[in-house]
Each structure stands twice: as structure tokens, then as C-alpha cells.
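Okay, thanks for making time, everyone. Let me put the structure up and then talk you through it.

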Amino acid sequence: MNSEQLQEIAVLAKLQIHTDEIDSMLADFNKIVAYVDKIKELDTSSIEEDEIYSHQGNTLRPDTVSLRIGKEDFAKIAPAFANDSVVVPKVIET
């Protein structure tokens, strides 16, 4: 990969890369690609396709009640609080 290709990927990913970061990012990206290439060399022929998913259990955490913060305490730490609600800045213009 070269710096032009990295810049194209950055544009597609909507990232801004400063010119002083290009060499470092190229090195990191090339390390990642080399690692993926090394993983591709692993012999996985003895692993059945459905075996990959058979050991997954329920990864959801239990839905338990925990300590609640009261409105008064929340109002103390919120940037703006009015009518029992946190006031947030407007982000969408209408």
C-alpha cells in the first residue's frame, strides 16, 4: 500500500489524516495486513464450519436492578436541567 491508496481509504472512511501521520499509519496498516496474511496460512481444515458457532453461549448480561440516581442528584451533575429533563443542545436544524 502506498500513501495515495491510504488517502483514498481515508476519504472513503471519512477520516482526516494529517501529512505527518501518513508514514506511521502506513506502517501500522502494513503490519495489520501482514498479520491477516499470517492468519490465512493457518490450517483450519480440521475445523468444521458449524463447529465455530457451537461453543457460543448466551452472552447477554442478566437484567438486574441496580443503584438508581435520583432526579435531584442528576440535576446537580447535568449541564442543563429543566422540567425534570436534561436539556441538550439542538443538533438537527429544522
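**A patch, two bridges and the overall layout**

So, let's start on the surface: Ile-69, Phe-74, Ile-77, Val-86 and Val-88 form a nonpolar patch there, and together they have about 450 Å² of accessible area. Keep in mind that this is a predicted model.

Where do the members of that patch sit? Take Ile-69: its place is in the loop between α3, residues 51–54, and α4. Val-86, another member, belongs to strand β2, which covers residues 85–86. How open are these two? Ile-69 has 45% relative accessibility, so we call it partly exposed. Val-86 comes in at 35%, so that one counts as partly exposed as well. And while we're on Ile-69, its C-alpha is 25 Å from the C-alpha of Lys-90, with the two positions 21 residues apart along the chain.

Okay, on to charges. How many salt bridges turn up in a search of the whole structure? The search finds 2.

One of them joins the side chains of Lys-71 and Asp-84, at 3.7 Å from N to O. Lys-71 is in helix α4 and Asp-84 is in the loop between β1, residues 81–82, and β2, so this pair ties together parts that are 13 residues apart in sequence. On accessibility, Lys-71 is at 49%, which counts as partly exposed; the cut-off for exposed is over 50%. Asp-84, with a relative accessible area of 53%, is exposed.

The other bridge is between the side chains of Lys-76 and Asp-73, at 3.9 Å, again N to O. For those of you keeping score, the criterion is within 4 Å. What separates these two along helix α4? They are 3 residues apart in that helix, so about one helical turn lies between them. Lys-76 is exposed at 67% relative accessibility, while Asp-73, at 40%, is partly exposed.

Staying with that helix for a second: α4 runs over residues 71–77, and Glu-72 is in there too. Glu-72 has 59% relative accessibility and counts as exposed. If you go back along the chain from Glu-72 to Leu-60, that's 12 residues, and the two C-alpha atoms are separated by 32 Å.

Let me zoom out now. What does the secondary structure come to? We have 4 helices and 2 strands, and reading along the sequence the pattern goes α-α-α-α-β-β. The radius of gyration is 25 Å, whereas the globule rule gives 12 Å for 94 residues; that is well over the rule, so the protein is more spread out than a compact globule. If you prefer box dimensions, the C-alpha trace spans about 60 × 45 × 25 Å along its principal axes.

How much of the protein is buried? Buried residues make up 6% of the 94. As for the surface, the protein exposes about 9300 Å², and 55% of that is supplied by carbon and sulfur atoms.

One last number, on electrostatics. There are 9 positive and 18 negative charges in the protein, and their mean positions are 12 Å apart.

So, to pull the pieces together: helix α4 holds Glu-72 and contributes Lys-71 to the bridge with Asp-84, and it also carries both partners of the other bridge, Lys-76 and Asp-73. That's it from me; happy to take questions.

Methods
Residues are numbered from 1 along each chain as its sequence is written. This is a predicted model: local features need pLDDT of at least 70, side-chain atom pairs count only at pLDDT 80 or more; totals for chains, interfaces and linings use all residues. Side-chain values use heavy atoms; hydrogens and water are left out. The radius of gyration is taken over C-alpha atoms; the globule rule is 2.2 Å times the number of residues to the power 0.38. Buried means under 20% relative accessible area, exposed over 50%, partly exposed in between (1.4 Å probe, protein chains only). Accessible areas come from the Shrake-Rupley method with a 1.4 Å probe; for residues, only the protein chains shown count as cover. Lys and Arg count as positive and Asp and Glu as negative; His and the chain ends are not counted. The place of a charge is taken as NZ of Lys, CZ of Arg, CG of Asp or CD of Glu. Patches are made of residues with over 30% relative accessible area and no salt bridge: like charges are joined within 9 Å, nonpolar side chains (Val, Leu, Ile, Met, Phe, Trp, Tyr) within 5 Å.
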